[in-house]
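Please take some time with the sequence and the model shown below, and keep both in view while reading. The paragraphs that follow go from one part of the chain to another, pausing at each to ask what surrounds it.

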Amino acid sequence: MYNQVIIIGSGPAGLTAAIYAARGGLEPLVIAGNEPGGQLMFTTDVENFPGFPEAIKGPDLIENMRKQAERFGSKFEDNAVSSVDFSTKPLKVTVVGAKTGYVADAVIIATGSSAMWLGLESEARLKGRGVSACATCDAFFFKGKDAVVVGGGEVAVEEAMFLTKLVKSVKVIHRRDKLRAARTLEQKALNNRKISFVWNSVVEEVLGDKKVEGVRIKNVLNTDEKSVIKCDGVFVAIGHKPNTEVFRNQIELDNNGYIKKYEGSRTSVGGVFVAGDVYDYVYRQAVTAAGSGCEAAIDVIKYLEVKENETT
């Protein structure tokens, strides 16, 4: 089935791209993916997205964006992509369970990245109730309270440093006896009075019923040594994984699996564009993802106009 443009992903980047592409007359097809709506679906109150003086629930924001895209003519396939073929034109995209795929003159990849989690039942149960993977997004909710950061790399240290602007105290729990951050960043954290470190330890359980009340940790050098740290928020900072597995060997990725972006929103393949956290590992905000979705849609509109002029 032919489409002028296919958008893969339905988080803020993909939905904004759909709104702009649809308003540009392209009638885009949005393939929603395994996690429709992206990470905002796991966010309770969103207070830093412009236009909402009162907090809006993450799922409500996504629902509003999808309705807006549909109003302008975007079509949705609530499925996941199983394979792509960008080696020929038109570009080919196949979804799970389909024998034949879609073809398009342009594709926008907006599949985002997924936070890496500890894999605890208690962690999953309390996501959005004190468990977070983004201090920039959620630190405000813990103003004047005690927080825990799990991890020992640069992301963990940066999260801890950011939290100190608002919280009362931060304990960084790391399974080793030294950090894996840059020396200058490490020194800043070690010299920060609000930050303390719990070395050689892992989180066994996040405590709390309806909200986070603490964590139970285990010393990895002496597995019989267990203790409880009281806290109001747990920030898991062990990394993110870009959702790019299906694009391997089809498009250029960096060493960490993120899509390489060139001029504007272009990728290494003509007609394939990128938006959001699937390339952006620095900001990872809903508003920056939305902005890049707008950029990608405008680039696609211009690309298709040039392509049409070349054939007429």
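Is I238 buried, partly exposed or exposed? This is a predicted model, and in it I238 has a relative accessibility of 35%, so that it counts as partly exposed. To find I238 along the chain, look in the loop that runs between strand 17 (233-236) and strand 18 (240-242). On the surface, I238 joins M116 and L118 in making a nonpolar patch of about 220 Å².

The residue I238 also leads to a pocket, because it is among the residues that lie nearest the centre of the second largest pocket, together with L118, V150, G151 and R175. In total, 21 residues line the second largest pocket, and the space in this pocket comes to about 390 Å³. Two elements, helix 5 (154-163) and strand 14 (201-207), each give two or more residues to the lining of the second largest pocket. As for the chemical character of this lining, 11 of its residues are nonpolar, six are polar and four are charged.

Let us turn now from the pocket to the charged side chains, where a search of the whole structure finds 13 salt bridges. One of the residues to follow is R66, whose side chain meets the side chain of E70 in a salt bridge, with a distance of 3.4 Å from N to O. Why are E70 and R66 separated by about one helical turn? Both belong to helix 2 (residues 58-71), and they are separated by about one turn because they are four residues apart in that helix. With a relative accessibility of 38%, E70 counts as partly exposed, and R66, at 23%, counts as partly exposed as well.

The residue R66 has another partner in D78, and in this salt bridge the closest N and O atoms are 2.9 Å apart. Here the pair links distant parts of the chain, since D78 sits in the loop between strand 5 (75-77) and strand 6 (81-85) while R66 is in helix 2, with their positions 12 residues apart in the numbering. At 53% relative accessibility, D78 counts as exposed, because the cut-off for that word is over 50%.

A further salt bridge is formed by R183 and E186, whose closest N and O atoms are 3.7 Å apart. Both residues lie in helix 6 (residues 183-190), where they are three residues apart, or about one turn of the helix. In their accessibility the partners fall into separate classes: R183 is exposed, with a relative accessible area of 55%, whereas E186, at 14%, counts as buried. Returning to the earlier residues, R66, E70 and D78 are joined into one network by salt bridges that share partners.

The backbone deserves a careful look too. Which peptide bond is cis, with omega near -5 degrees? It is the bond from K89 to P90, and P90 lies in the loop between strand 6 and strand 7. That loop between strand 6 and strand 7 (91-95) also holds S87, which is exposed, with a relative accessible area of 59%. From S87 one may look across the model to P12, which is 75 residues away along the chain, and find that the C-alpha atoms of these two residues are separated by 28 Å.

Two other places in the backbone can be visited to complete the tour. The residue E27 has a positive phi of about 45 degrees although it is not a glycine, and it lies in the loop between helix 1 (12-23) and strand 2 (29-31). At 52% relative accessibility, E27 counts as exposed. The residue N249, which is not a glycine either, has a positive phi of about 70 degrees, and it is found in the loop between strand 18 and strand 19 (272-274). With a relative accessibility of 80%, N249 counts as exposed.

Key. Residues numbered from 1 in each chain as written. Heavy atoms only, no water. Salt bridge = Lys/Arg side-chain N within 4 Å of Asp/Glu carboxyl O. Buried < 20%, exposed > 50% of the residue type's maximum accessible area, 1.4 Å probe, protein only. 1 Å grid on protein atoms, 1.4 Å probe; cavity = no way out; pocket = protein on both sides within 12 Å on 5 of 7 lines; lining within 4 Å. Points joined across faces, edges and corners; volume = space filled by probe spheres on them. Nonpolar A, V, L, I, M, F, W, Y, C, P; charged D, E, K, R; others polar. Patch = residues over 30% accessible without salt bridge, like charges linked within 9 Å, V, L, I, M, F, W, Y side chains within 5 Å. Areas by Shrake-Rupley, 256 points an atom, 1.4 Å probe, with all protein chains shown as cover.
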